[in-house]
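I opened this entry to record what I looked up in the structure. My notes follow in the order in which I made them.

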Amino acid sequence: MKERINSKETDITDSVSGDTAAAERKEKSMTREILEYVGMIGAVVVIAFLLETFIVINARIPSASMENTIMTSDRIFGNRLAYINDDPKRYDIVIFKYPDDESQLFIKRVIGLPGETVEIIDGKVYINNSAEPLDDSFCPETPEGDFGPYVVPEGSYFMLGDNRNHSRDSRYWDNTFVSKDAILGKTIFRYWPITEIGTIS
């Protein structure tokens, strides 16, 4: 009888030890899983930070100055690397530091290139006294007004909004031109609203 009792006591002790070991293994497994999730989230945050700092600009459009090409409240990506080995071209849509207040970012279309003379007559844009005006087919309504002439300095650009009758752009700024150093990237892609996802030109 005594041996039987001792045997049962041993069985109970072994069972308790086994349960404890299983619980410890489960706890270690959960801890490892949590650490893996934390590491994964940390990696995503770091990658997102690096992308936005060095590769893309994530911007929300606050005004109607670029309609109908880009609408108010659209969300877009700009390519920060677009002008590392190249210069902005006419008609590029770019994101840049507003020359009158560099704490603000603006988005406009490049119209005048370095060294060019830009003149706007009856809403039409003429470069270097050309006989033919620039294409303005992307404007939602017929542009109006006479402005200039403006002589664009080397290393700088003259900007206009596509919605020209409702755009505060190079025509109205105290500092008329945008230097290449102030251009942060070229607008490349709209990701919101979902129904309008696609490239921008």
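**Surface patch**

I looked for nonpolar patches on the surface and noted one of about 270 Å², made by Ile55, Leu81 and Ile84. I worked throughout from a predicted model.

I then located Leu81 and found it in the loop that runs between strand S2 (75-79) and strand S3 (93-97). Is Leu81 exposed or partly exposed? I recorded a relative accessible area of 43% for Leu81, so I entered this residue as partly exposed. Patch members must have over 30% relative accessible area, and the 43% of Leu81 is therefore consistent with its place in the patch.

**Whole protein**

I listed one helix and 11 strands. Along the sequence, the helix is written at the start of the pattern, α-β-β-β-β-β-β-β-β-β-β-β. The protein has 201 residues, and I noted 33% of them as buried. For the exposed surface I entered about 12,500 Å², with 55% of it supplied by carbon and sulfur atoms. I also checked contacts between residues at least 6 apart in sequence: 61% of these join residues at least 24 apart.

**Thr69**

I next turned to Thr69, which lies in the loop between strand S1 (56-60) and S2. The relative accessible area of Thr69 is 14%; buried means under 20%, so I recorded Thr69 as buried.

Which residues does Thr69 touch, not counting those up to four places away in sequence? I listed Ile93, Arg109, Phe138, Asp162, Arg190, Ile200 and Ser201. With Asp162 I also noted a polar contact of 2.5 Å, which joins the side chains of Thr69 and Asp162.

Notes. Residues numbered from 1 in each chain as written. Predicted model: local features only at pLDDT ≥ 70, side-chain atom pairs only at ≥ 80, totals over all residues. Heavy atoms only, no water. Patch = residues over 30% accessible without salt bridge, like charges linked within 9 Å, V, L, I, M, F, W, Y side chains within 5 Å. Areas by Shrake-Rupley, 256 points an atom, 1.4 Å probe, with all protein chains shown as cover. Salt bridge = Lys/Arg side-chain N within 4 Å of Asp/Glu carboxyl O. Helix = DSSP H or I, 4+ residues; strand = E, 2+ residues; numbered from the N terminus. Buried < 20%, exposed > 50% of the residue type's maximum accessible area, 1.4 Å probe, protein only. Contact = heavy atoms within 4.5 Å. Polar contact = N/O pair within 3.5 Å; in protein donor to acceptor, adjacent residues only side chain to side chain.
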